[in-house]
Amino acid sequence: WDEAGNSSEVYTYFVVDDPDSLCPGGLHGLRIQGIVATGNWQAVPEVDVSLESSGMALKVQSDAQGNFMFANIPAGSDIQIRSSRSGTYTAGLTTADIIRIQRQLLGLEPFSHSWEYLAADVDMSGGISTRDIVYLRRLLLGKIQELPHQHSYLFIDPSYTFSDPASPYADLDLCSKVVITQARQNETVRMLAIKIGDVNQS
């Protein structure tokens, strides 16, 4: 106020932002990002990646480099991330895969990784047998165009510890998701892509 009775008001506005996500939990929620890749780090594009949490279901698709991201996820959320992809059943499959599975069955060259056992179980019966080789041959010869279970890929959490690494089939439901309990910070995750039948990742 002045001596003549005039007055004025000044308003100041503050915009608080956190562009580098330095604040715990972020002002705009958490960022969950990741990559989908094979065991030899080949990126897998066009994978449908789903994030589920309490009262929330989101879906994105991996880009050409296999990257994906979810933004504005509430801090403290219990999160499950799953992936799926349709595609050509014969992609990556060769007679070398058949020979490799035969050598595993004969005990000449056992698999070294759990994902190899999962890839070799072509019919997803819960084990490896000559029937898996028959399906591979029929696919490569063009006698069938798809597999009975209609899956061409599996996706698992590469950090999952199998109860029996040489027989991972019973754990498939548990290992096929990335679980984050009460997320408190931005997270980077990885999904391991397994092309069914492609045991040598060609």
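The exercises below, each with a worked solution, deal with salt bridges, a buried lysine and a buried phenylalanine.

The structure is a predicted model, in which local features need pLDDT of at least 70 and side-chain atom pairs count only at pLDDT 80 or more, while totals for chains, interfaces and linings use all residues. Residues are numbered from 1 along each chain as its sequence is written, and side-chain values use heavy atoms, with hydrogens and water left out.

**Exercise 1.** Find which residues are joined into one network by salt bridges that share partners.

*Solution.* Begin with the definition: a salt bridge is a side-chain nitrogen of Lys or Arg within 4 Å of a carboxyl oxygen of Asp or Glu. The structure holds 4 salt bridges. One of them brings together the side chains of glutamate 109 and arginine 100, at 3.7 Å from N to O. Another pairs arginine 103 with glutamate 109, at 2.9 Å from N to O. Through these shared partners, Arg100, Arg103 and Glu109 form one network.

Next, consider accessibility, where buried means under 20% relative accessible area, exposed over 50%, and partly exposed in between (1.4 Å probe, protein chains only). Arginine 100 is buried because its relative accessible area is 13%, whereas arginine 103, with 34%, is partly exposed, and glutamate 109, with 33%, is partly exposed.

**Exercise 2.** Work out where lysine 177 lies and what surrounds this residue.

*Solution.* First locate lysine 177 in the loop between helix H4 (172–175) and strand S7 (178–180); helices (H or I, at least four residues) and strands (E, at least two) are DSSP runs, numbered from the N terminus. Then look for a partner: lysine 177 is buried yet has no salt bridge, and the nearest side chain of opposite charge, aspartate 173, is 4.7 Å away. In this count Lys and Arg are positive and Asp and Glu negative, while His and the chain ends are not counted. Finally, list the contacts (heavy atoms within 4.5 Å): leaving aside neighbours within four places in sequence, lysine 177 touches Gln80, Ile81, Arg82 and Asp157.

**Exercise 3.** Decide whether phenylalanine 68 is buried or exposed, and name some of its contacts.

*Solution.* Phenylalanine 68 is found in strand S4 (residues 67–73), and this residue counts as buried because its relative accessibility is 5%. Beyond neighbours within four places in sequence, its contacts include Ile32, Val36, Val49, Val60 and Val189. As a last step, compare sequence with space: phenylalanine 68 and arginine 190 are 122 residues apart along the chain, and their C-alpha atoms are separated by 9.9 Å.
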